[in-house]
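Work through the following exercises with the sequence and the structure side by side, and try each task before reading its solution.

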Amino acid sequence: MSDSTTQSGDWLRRFHPADAAPTRLVCFPHAGGSATYYFPVSQALSPAVDVVAVQYPGRQDRRGEEPVDDVCKLADILAEVLRPWTDRPFALFGHSLGATLAYEVALRLEADGVDPVTLFASGRRAPACHREGSKVYLSDDATLLGTIKELSGTSPQLLEDDELMRSLLPAIRADYKAAETYRRHPGTPLLRCPVITLTGDADPEVTRAEAEAWESHTAGAFTLHEYAGGHFYLNDHAPAVIARIREALVR
């Protein structure tokens, strides 16, 4: 790929470029997350898989940019950004908000005849499952920070840096708004690609039934893998999750 394509503006990060890899994995972060969350995944899978991580505006080196608080708007942008990266078989992996976003991006790419080989949906209820009354994004700063702490997905060192955490609140709030106001459009077609759902058995954000409901969104194969743990079960089971990804993508 050319240098300009490799950069893909500000949206994508390749920590361990694997130009010869036969398969590419595009990773979508959770609410409040950043591309660097997937550094260990990239490190573990390279050079067998070329891992590309999405960097949303409003965090890390994009902290000065306005966050995007709408899943469909983000999906429109990222589907365009990712089209040059579909030059080989590719899969999408998203955790929490990232799973919903990966799903919407997959819909847009498939509408253009570009099918992912797999969608990995982690830590997120199926798009058709809504929980009315959940409006964390409208809460005050202390409540929003408390929610982040309860989910145990942020490092203790970062949580202890009050000034830094407060500087991240606009992006976190925008992400929660995107997740909580998202609604799957009526008449949305089924995905053609297989869906592999991963979930924690004690995740307060996803019941087993809500995880199983992903099956109703694809005409392809469906598999559910459950792990011990909460919303960020994958932090405790990273080797097993990465092995699952490798098994699905590396032939």
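A disulfide is taken here as a pair of cysteine sulfur atoms within 2.5 Å. Keep in mind throughout that the model is predicted.

**Exercise 1. Find how many disulfides the model has, and explain the result for cysteine 72 and cysteine 193.**

Solution. Begin with cysteine 72, whose sulfur has its closest cysteine sulfur in cysteine 129, at 17 Å, and this is too far for a bond. Go on to cysteine 193, where the closest cysteine sulfur belongs to cysteine 27 and lies 15 Å away, again too far for a bond. By the 2.5 Å rule the count of disulfides comes to zero. As a further step, look at the surroundings of these two residues: cysteine 72 is buried, with a relative accessible area of 16%, and cysteine 193 is buried as well, with a value of 2%.

**Exercise 2. Work out the strand order of the open sheet and name its edge strands.**

Solution. Following the seven strands across the sheet gives the order E1-E3-E2-E4-E5-E6-E7, and the pairing is mixed. The edge strands, each of which pairs on one side only, are E1 (12–13) and E7 (222–227). At the E1 edge, two bridges join E1 to E3 (residues 49–54), and these two strands run antiparallel. One residue pair to locate there is leucine 12 with its bridge partner in E3, valine 54.

**Exercise 3. Describe how helix H4 is placed, and decide whether its residues are mostly buried or exposed.**

Solution. Helix H4 (residues 97–111) packs on the sheet, where it touches E2 (23–28), E4 (90–95) and E5 (118–122), and its direction makes about 150° with that of E4. Its 15 residues reach 22 Å from the first C-alpha to the last, which is close to the 21 Å expected at 1.5 Å a residue. Since buried means under 20% relative accessible area, the next step is to count: 14 of the 15 residues of H4 are buried, so the helix is largely enclosed by the rest of the structure. After H4 comes glycine 113, which has a positive phi, near 80°.

**Exercise 4. Identify the residues with the most contacts inside the largest nonpolar core, and the element that supplies its largest share.**

Solution. In this core of 50 residues, those with the most contacts inside it are Phe28, Leu92, Leu101, Val105 and Leu119. The largest share, nine residues, comes from H4. Take leucine 92 as an example: leaving aside neighbours within four places in sequence, its contacts include Phe28, Val105 and Leu119.

Methods. Residues are numbered from 1 along each chain as its sequence is written. This is a predicted model: local features need pLDDT of at least 70, side-chain atom pairs count only at pLDDT 80 or more; totals for chains, interfaces and linings use all residues. Side-chain values use heavy atoms; hydrogens and water are left out. Two strands pair if DSSP finds at least two bridges between them. Helices (H or I, at least four residues) and strands (E, at least two) are DSSP runs, numbered from the N terminus. Contact means heavy atoms within 4.5 Å. Axes are lines fitted to C-alpha atoms, for helices over the stretch in contact, and angles run from 0 to 180 degrees between N-to-C directions. Buried means under 20% relative accessible area, exposed over 50%, partly exposed in between (1.4 Å probe, protein chains only). The expected span of a helix is 1.5 Å times one less than its number of residues. A nonpolar core is a set of buried Ala, Val, Leu, Ile, Met, Phe, Trp, Tyr and Cys residues joined through side-chain atoms within 4.5 Å.
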